[in-house]
Amino acid sequence: MEQLILIVSLVSKQLFMFPLVSYGIFFIVAVALIRVLLNGKLDNPFYSISLRGYIFVGVLFLFQYFALLIAAEEIGQNLNRQFFKLVLLFIVSAGYYFAVRQLMITDQSVENFTMSFFWGFVILEIICLLQIAYIYTSKFLEPILLYIGSRFEVQDAWTPELYTRGSFTVSNLRVNGLSREPGFLAAMLAICFAPFILAAIKNKVNIFFRNKVYFGSLYYLALIILILTLLLAKTSTGLIAIILILILPVFLSKTKTSLKWLMMTIPLIVLGWGLYTFVPTINTMLNHYIFDKGSTVSLPMRLGAFSAMKTTVIKHPFFGVGYENTSFYNLLYFPGEYRNVSEYKQHVMMNYFSDLSSLGGLIAQFGIVISTVVFVYFIKLIKDIKKYANMTKDTYYIALADSSLFFFSLLVIIGILSIDISQPIYFVSIFYFIGLRKFLWRKSEVIK
């Protein structure tokens, strides 16, 4: 059942209209409880949290309380609902943390959990390939896509015009997987799946099926399919993700491995340039959706949103403005020279302006102090995973350690854009690596 975790986590539709409460959290907790009953053993992860961890959570809630008090005066309305959302966020996070720890106790359970990333990738790519086939060839797939769209696709309530025909793909002839828009799909593919493929290629390890022989050609094929999907998503996020996937292994690997990767990357870059230059369809697509965005409303909106977020952080550096409370400030601090843009006027009419940078939004919400502590924690997490994996001298776990480095690097860099970080798959992925550190620590202690 662990192998189904990522498949269910792809479905981000909310249940009971509560934020963050999706099919994913119920499924993973249910699987964890079943495992506890079958094994007759409960691993209480909350006992292993240090005093510093509980102090951090307490300080975070205190900071958020003051942040929302200050924001309530500035906005002129009660913000108790936002504090309730923050409490719900921690309840959901605790649920993921508890469940993941139950599912990462033995070597086999870790392998099964890791395998779920493979099945999640396969299912998501099948959905994307169906969408690509519909867009470019077979319109008879429309009933299937309408069913997928109505049942499993996340649809943004603020932009219903994107789903007039019941499915984003059918309505806009663009690939979106199960996400709200193509950019979120591109981010998900790059952040949650590419790290495992890159780590497998780097270490020549069958990371998804440990006991099977490693076939490099299959992992390269998976990487090519992923990159093509990012390209056909027709979004600047996808293009940035492709560039990062191709160059990160060069900078995050040893010299010899970096040179090998560079030698493989150069032909791909040349091929990409050739396709862009000599294939009119690809040239038109990239120009329309990516390179010519600077001449449309996209660039002014991004510049305006970045400026507004910068002002928000500067004016509320210590406490932040409170969880999910940046919309008011995005509108308030939006620069005057960009306010004539039609898209900004639409946001004013809706009285809502979502963050166009997930990383910047988190800093604005929680303040510089809390954000810095979290950033330092992730750096230590990566180092610990690497240290404990090296102590095992097992190439499989060393590959998983490399995937953690790729994952958090892509999460932070692509997170500068908007990536819809509240999707269940990000919670599962982050807690997977947190659970991996604890598992590897136990394993290293046995080796000692």
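**Close-up views of two helices**

**View 1. Thr237 in its helix.** Let's start with one residue: Thr237 sits in helix α10, which covers residues 236–251. Keep in mind that this is a predicted model. Is Thr237 buried or exposed? Its relative accessibility is 5%, and buried means under 20%, so Thr237 counts as buried. Leaving aside residues up to four places away in sequence, Thr237 touches Gly183, Ala186, Ala187, Ile414 and Leu417.

**View 2. Helix α3 from end to end.** Helix α3 runs through residues 51–75, which makes 25 residues. How far apart should its ends be? At 1.5 Å a residue the expected span is 36 Å, and the end C-alpha atoms are indeed 36 Å apart, so the two values agree. Just after α3 comes Gly76, a residue with a positive phi, near 85°.

**View 3. The buried residues of α3.** Now look at which residues of α3 are buried: Leu60, Phe63, Gln64, Ala67, Leu68 and Ala71. Here is a handy rule for reading such a list: an α-helix has 3.6 residues a turn, so residues three or four places apart point the same way. What do the buried residues of α3 pack against? Their partners are α4 (80–102), α14 (327–332) and α16 (358–392).

**View 4. A nonpolar patch on the surface.** Leu62, Tyr65, Phe66, Leu69 and Ile70 make a nonpolar surface patch of about 440 Å². One of them, Leu62, belongs to helix α3. With a relative accessibility of 43%, Leu62 counts as partly exposed, because that value lies between the 20% limit for buried and the 50% limit for exposed.

Conventions
Residues numbered from 1 in each chain as written. Predicted model: local features only at pLDDT ≥ 70, side-chain atom pairs only at ≥ 80, totals over all residues. Heavy atoms only, no water. Helix = DSSP H or I, 4+ residues; strand = E, 2+ residues; numbered from the N terminus. Expected span 1.5 Å × (residues − 1). Buried < 20%, exposed > 50% of the residue type's maximum accessible area, 1.4 Å probe, protein only. Contact = heavy atoms within 4.5 Å. Patch = residues over 30% accessible without salt bridge, like charges linked within 9 Å, V, L, I, M, F, W, Y side chains within 5 Å. Areas by Shrake-Rupley, 256 points an atom, 1.4 Å probe, with all protein chains shown as cover. Salt bridge = Lys/Arg side-chain N within 4 Å of Asp/Glu carboxyl O.
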